[in-house]
Amino acid sequence: MEKRIPVIAVFDIGKTNKKLLVFDADYNVLKEEVTCFDEIADDDGFACENIDALATWILWEFEQLKRSEKFQLKAVNFSTYGASLVYVNHKGERVGYLYNYLKPYPPELLDRFLASKGGIARFAEDTSSPVMGHLNAGLQLYWLKHHKAELFNNVATALHLPQYLSFLITGQRRAELTSLGCHSVMWDFDKMNYHSWLQEEGLPTRLARVTKGSEVIKCSNEFTGEEISVGTGLHDSSAAVNPYLIRFTDPFMILSTGTWVICMNPFNSELPGSKELEKGCLSYLTYQGAPIKTTMLFAGNDHDQQVKRITQYFAINEAYLKSMVYNAGIIEQLQNREVLRDLKFAEAGLETATTPCRFHSRDLSSFNSPEQAYHQLLIDLVVQQKASADMVLQNSEIDNIYVDGGFCKNKIYMQLLANTFSTKNVFATSMTQGTALGAALAIHNSWNKGQLPESLISLKRWIADQDSLVTR
């Protein structure tokens with residue numbers, strides 16, 4: 001039999017796509033499986049993750065890897081979307097549903113809660129997180145206690161989704177820093193522990209012991225007798241930071257783009273003030289527990305909604321818009337018309353993390369072509385992005401901005417970003433499965449004796465178009 005290849009497997013779970021990535025010791029991808037599951041309805045009729053299907057798929061894939069004649073499974077880890085709790089009873093059985101973080105939060109319940117905590121501004125500042133209803137995992141648990149008491153009484157432990165997936169394999173109940181630092185309102189960033197409000201509400205008995213994201217649990221492969229290091233799992237946006245921290249030593253900011261654009265400055269540990277929190281600024285935690293000043297902007301979702309509006313109005317295909325290249329002439333026409341008003345709008349218009357950009361209220365009949373409309377959409381998004389990013393750039397010396405995710409492939413967006421941050425070095429980055437890679441790197445030392453390769457990330461620098469810069 002051929003010698004088996006030592007590997008680490010990472011289950012990278014997005015809202016839509018569920019991936020299994022198998023990396024060798026040099027972090028080359030040897031295997032990739034992608035699947036997705038139709039959502040189901042929760043007990044209120046709201047769409048949610050089919051956690052049964054997800055768990056069954058993960059356990060089946062894990063079983064195949066343990067039996068593999070090609071791979072020697074040395075380690076497993078998990079990265080998933082955040083703000084999602086799975087509830088288990090004393091026997092380890094699931095209770096209720098994996099409720100969707102987009103589920104509307106009862107206004108009267110939120111008002112009552114905030115009134116008991118000194119109001120929204122104080123609570124947000126105390127927890128270093130905007131108050132966003134079910135997007136705050138701690139408020140999900142509070143909601144379950146008050147709206148579904150029968151279910152709540154059967155809950156022994158509330159596990160964040162990455163830690164639940166680890167629990168499926170290890171049977172160990174853990175909490176982990178990146179999930180707790182992900183706008184959960186469960187963490188006290190000053191005391192670096194669970195927040196005192198949880199104690200006031202009688203919730204700590206249903207919470208797990210906190211571990212760093214580098215910790216593993218050793219399990220045995222019953223088919224080979226070999227040891228497998230199983231990570232506790234990471235929040236996906238936080239996992240995506242790891243390759244950058246390992247690869248680069250000079251200070252940098254990351255713009256991680258997708259449905260949400262997450263802007264992270266690992267070299268700024270300042271906790272956000274109340275005004276910043278209102279505008280989508282918060283603190284994340286690295287897998288080692290260091291605070292990262294961060295902003296969230298629902299820009300990817302905003303982009304996709306407005307693209308539909310443009311394509312319908314001009315009767316064109318979405319693919320045509322997304323294949324467009326930067327046109328300096330169009331930018332000049334649009335800037336001459338109203339850029340100064342747009343810049344003022346950016347200062348006043350970034351009200352929350354989900355505030356739509358200016359394009360949302362624009363009259364499409366004012367544009368001569370879909371090209372002009374799409375350029376204006378991206379101008380509006382980048383103007384708003386600058387207002388968001390400036391909050392994490394404050395009081396830190398950053399020369400480099402690294403952009404990953406969907407927008408880094410958009411030539412108009414990247415050029416506008418380079419123009420807007422003309423005094424910085426703006427790079428589009430490319431790496432193999434960055435979120436999964438970050439989860440793998442977090443437990444590197446538990447299974448891999450080799451040195452980390454230097455070629456984890458490739459870069460393309462975007463140079464500012466000097467003719468399109470706006471002088472203010």
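Which residue in E3 is the bridge partner of valine 22? In this predicted model, the bridge partner of valine 22 in E3 is lysine 31. The legends below begin with the strands around this pair.

**View 1. Strand E2 pairs with E1 and with E3.**
Strand E1 (residues 5-13) and E2 are antiparallel partners joined by six bridges. A hairpin of four residues links E1 to E2. Within this pairing, isoleucine 8 has phenylalanine 23 in E2 as its bridge partner. E2 also pairs with strand E3 (residues 29-35), again in the antiparallel sense and over six bridges. The hairpin of E2 and E3 has five residues between the strands, and tyrosine 27 there takes a positive phi near 65°. Strand E2 (residues 18-23) is largely enclosed by the rest of the structure, because five of its six residues are buried. In general, the strands of a sheet pair through backbone hydrogen bonds, either parallel or antiparallel.

**View 2. Phenylalanine 23 belongs to the largest nonpolar core.**
The largest nonpolar core has 104 residues, and Phe23, Tyr27 and Tyr87 are those with the most contacts inside it. Leaving out residues up to four places away in sequence, phenylalanine 23 touches Pro6, Val7, Ile8, Val10, Asn28, Val29, Thr432, Gln433, Ala436, Leu437, Ala440 and Trp447. Apart from the largest core lies another core, of 48 residues, among them Leu334, Ile379, Leu393 and Cys408. In soluble globular proteins, nonpolar side chains tend to be buried together.

**View 3. Valine 76 is a buried residue of strand E6.**
Valine 76 has its place in strand E6 (residues 71-80). Is this residue buried or exposed? Valine 76 is buried, because its relative accessible area is 0%, and the cut-off for buried is under 20%. Residues beyond four places in sequence that are in contact with valine 76 include Ile8, Phe11, Phe62, Ile169, Ile228 and Ile443. Valine 76 and valine 216 stand 140 residues apart in sequence, while their C-alpha atoms are 9.2 Å apart in space.

**View 4. Strands E8, E7 and E9 form an open sheet, with helix H6 lying across them.**
The three strands are arranged in the order E8-E7-E9, with antiparallel pairing. Strand E8 (94-95) and strand E9 (157-160) stand at the edges, so each has a single partner strand and one side without a neighbour in the sheet. Four bridges join strand E7 (residues 85-88) to E9, and leucine 85 stands opposite histidine 160 in E9. Helix H6 lies across E7, E8 and E9 and runs at about 105° to E9. H6 (residues 161-170) is mostly covered, with nine of its ten residues buried. Among the buried residues of H6 are Leu161, Tyr164, Leu165, Phe167 and Ile169. Glycine 171 follows H6 and has a positive phi, near 75°.

**View 5. Glutamine 140 is a buried residue of helix H4 with a polar side-chain contact.**
Glutamine 140 is found in helix H4 (residues 137-147). Why does glutamine 140 count as buried? Glutamine 140 is buried because its relative accessible area is 1%, whereas the cut-off is under 20%. The side chain of glutamine 140 reaches the backbone oxygen of histidine 134 at 2.7 Å. Residues up to four places away in sequence aside, glutamine 140 touches Ala83, Ser84, Leu85, Tyr87, Tyr99, Tyr101 and His134.

**View 6. Serine 184 lies in a loop between a helix and a strand.**
The loop that holds serine 184 runs between helix H7 (177-180) and strand E11 (187-188). Serine 184 counts as buried because its relative accessibility is 2%. A polar atom of the side chain of serine 184 lies 2.6 Å from the backbone oxygen of leucine 180. Residues up to four places away in sequence are not counted among the contacts of serine 184, which are Asn136, Ala137, Gly138, His160 and Ser179.

**View 7. Cysteine 219 and cysteine 408 are buried.**
How many disulfides does the structure hold? The structure holds zero disulfides. For cysteine 408, the closest cysteine sulfur belongs to cysteine 263 and is 15 Å away, so the two are too far apart for a bond. Cysteine 408 is buried, with a relative accessible area of 11%. Cysteine 219 is also buried, with a relative accessible area of 17%.

Key
Residues are numbered from 1 along each chain as its sequence is written. This is a predicted model: local features need pLDDT of at least 70, side-chain atom pairs count only at pLDDT 80 or more; totals for chains, interfaces and linings use all residues. Side-chain values use heavy atoms; hydrogens and water are left out. Buried means under 20% relative accessible area, exposed over 50%, partly exposed in between (1.4 Å probe, protein chains only). Helices (H or I, at least four residues) and strands (E, at least two) are DSSP runs, numbered from the N terminus. A polar contact is a pair of N or O atoms within 3.5 Å; within protein, one must be able to donate a hydrogen and the other to accept it, and residues adjacent in sequence count only if both atoms are side-chain atoms. Contact means heavy atoms within 4.5 Å. A disulfide is a pair of cysteine sulfur atoms within 2.5 Å. Two strands pair if DSSP finds at least two bridges between them. Axes are lines fitted to C-alpha atoms, for helices over the stretch in contact, and angles run from 0 to 180 degrees between N-to-C directions. A nonpolar core is a set of buried Ala, Val, Leu, Ile, Met, Phe, Trp, Tyr and Cys residues joined through side-chain atoms within 4.5 Å.
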